[in-house]
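Biologist: Before we discuss the labels given to this model, could you put the structure up, so that we can set each value against its definition?

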Amino acid sequence: MRWTLTIGAILCATATGAALLSLFWTPHDVTQMAIADRLLPPSGAHWLGTDHYGRNLMSMVMAGAQVSIAVALVAVAIGVGAGVPLGLIAAARRGSWLDDAIMRGNDLIFAFPSLVIAILITATRGPSALNAIIAIGIFNIPVFARVTRGAAMPLWTLDYIRAARVAGKGAARISVEHILPNCANLLIVQATIQFSLGILAEAGLAYVGLGAQPPTPSWGRMLADAQTMVAQAPHVAIVPGLAIVLTVMGLNLLGDGLRDALDPRTGGRA
């Protein structure tokens with residue numbers, strides 16, 4: 001039994017389900033403040049307690065899942081959409097000036113972490129969830145470009161690729177029809193890893209005020225607001241922190257399970 005895949009899928013489904021459910025329903029209005037009920041511990045009325053404004057933490061966590069998952073998902077899509085084609089081009093033109101230019105461009109982006117990129121973007125555009133997506137997405141591009149190039153390079157030396165060349169297929173067609181399908185397993189696993197890193201990056205950006213802005217709920221923002229109240233009401237920090245930990249752990253377990261299931265060397269055993 002692939003227990004890592006099963007547990008990871010359950011945790012990811014729970015986070016995704018909470019985010020989708022919050023689109024239609026939450027136990028309380030996330031924008032409704034009740035100062036008289038501030039910092040209440042978990043109870044029957046408020047299952048996860050309330051924050052310093054009296055807002056229901058369960059509702060905040062559910063709504064915050066929307067932002068975290070959406071930012072990470074779009075950022076990964078940007079990385080895949082731009083990085084995979086660049087990696088395929090670099091592998092097809094290996095050793096050429098184009099390959100060198102693509103890889104040196106990747107090195108340039110790697111020199112600036114997503115937080116630095118976010119600071120540069122927000123300095124001109126202002127802090128927002130959109131700018132967090134752009135920052136994390138830009139950082140994902142060289143990751144997928146390198147993974148794709150690394151996986152594609154050995155494939156170009158195989159006999160069936162030579163046969164495709166003899167049959168008159170061009171480099172672009174070979175890349176799409178033969179190279180990419182054989183890299184898909186590795187890219188799927190890498191996408192789950194980058195998804196988990198994207199959630200962490202979004203929480204970090206929100207924590208320092210560069211992500212989603214109030215009144216939009218965000219796990220990172222909730223942690224930032226709770227940092228001065230940990231001794232007084234530890235649940236205010238534990239709840240969003242646990243949401244981040246469980247979601248990231250679920251994605252990592254899912255990635256490990258997919259790697260084992262898709263790796264032909266293990267025969268699908270976990």
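Modeller: Where α7 passes α8, the crossing is right-handed, a term used if the near helix is turned clockwise from the far one by less than a right angle, anticlockwise being left-handed. This is a predicted model, in which local features need pLDDT of at least 70 and side-chain atom pairs count only at pLDDT 80 or more, while totals for chains, interfaces and linings use all residues. Residues are numbered from 1 along each chain as its sequence is written, and side-chain values use heavy atoms, with hydrogens and water left out.

Biologist: Why are α7 and α8 called oblique to each other?

Modeller: Helix α7 (residues 171-207) and helix α8 (residues 219-226) pack at an angle of about 45°, with their axes 7 Å apart. Angles under 35 degrees count as roughly parallel, over 145 as roughly antiparallel, 65 to 115 as roughly perpendicular and the rest as oblique, and the pair is therefore oblique.

Biologist: What makes T26 buried and W97 exposed?

Modeller: Buried means under 20% relative accessible area, exposed over 50% and partly exposed in between, with a 1.4 Å probe and protein chains only. T26, in the loop between α1 (3-22) and α2 (57-92), has a value of 19% and is therefore buried. W97, which belongs to helix α3 (residues 97-110), has 69% and is therefore exposed.

Biologist: Which backbone oxygen lies 2.7 Å from a polar atom of the T26 side chain?

Modeller: That backbone oxygen belongs to H28.

Conventions:
Axes are lines fitted to C-alpha atoms, for helices over the stretch in contact, and angles run from 0 to 180 degrees between N-to-C directions. Helices (H or I, at least four residues) and strands (E, at least two) are DSSP runs, numbered from the N terminus. A polar contact is a pair of N or O atoms within 3.5 Å; within protein, one must be able to donate a hydrogen and the other to accept it, and residues adjacent in sequence count only if both atoms are side-chain atoms.
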